[in-house]
Amino acid sequence: MKTDEDPIVVKADYSVGIVRLWAALTDPRQMVQWYFEEITNFSPDVGFTTEFLVEMGERQFTHVWEVVISQPPREICYNWRYAEHAGEAKVYFELEGDEHNSSLTVTMTIMEDFSEEIREFSREAGLGG
């Protein structure tokens with residue numbers, strides 16, 4: 001993924017209230033179902049930083065996240081990079097809805113180019129979630 005490419009935007013609707021959706025995105029006990037089981041801590045507070053290692057075969061990806069925007073339960077944004085690899089993205093989660101239904105728009109904007117040689121950093125992988 002490169003800085004000169006359009007942001008990746010993924011939208012989804014859910015039959016759950018916005019507060020429940022917010023918890024799924026910000027509560028570490030629930031985040032492990034959406035993201036990676038390696039997440040051990042997370043706080044939706046601006047300035048919070050976390051790291052966790054995901055191994056894929058012989059490759060390592062130490063995720064480094066820093067929360068830069070947080071407006072519960074409507075929006076959260078964090079910088080996302082990897083300790084072992086060049087590249088950085090800003091991932092913005094926008095939630096809309098009420099106590100019964102909600103929608104989520106995730107926008108990933110590349111701030112620093114990722115390596116084209118790592119398939120997990122391809123645009124297709126980003127679009128696939």
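Here is a short conversation about how the terms used for this predicted model are justified.

User: What should I keep in mind about this model and its numbering?
Analyst: The model is predicted: local features need pLDDT of at least 70, side-chain atom pairs count only at pLDDT 80 or more, and totals for chains, interfaces and linings use all residues. Residues are numbered from 1 along each chain as its sequence is written, and side-chain values use heavy atoms, with hydrogens and water left out.

User: What makes β3 and β4 a pair?
Analyst: Strands (DSSP E runs of at least two residues, numbered from the N terminus) pair if DSSP finds at least two bridges between them. Strand β3 (residues 59-71) and strand β4 (residues 75-82) have eight bridges in the antiparallel sense, so they count as paired.

User: Why are β1 and β2 said to stand at the edges of the sheet?
Analyst: Happy to explain! The open, antiparallel sheet has the order β1-β6-β5-β4-β3-β2. β1 and β2 (49-56) each have a single partner strand, so one side of each lacks a neighbour in the sheet.

User: How do you know that the chain agrees with a compact globule?
Analyst: The radius of gyration is taken over C-alpha atoms, and the globule rule is 2.2 Å times the number of residues to the power 0.38. For 129 residues a compact globule would have a value near 14 Å; the chain has 15 Å, which agrees.

User: What does Val16 touch, and what makes that a contact?
Analyst: Contact means heavy atoms within 4.5 Å. Leaving aside residues up to four places away in sequence, Val16 touches Leu21, His100, Asn101 and Ser102.

Key. Helices (H or I, at least four residues) and strands (E, at least two) are DSSP runs, numbered from the N terminus.
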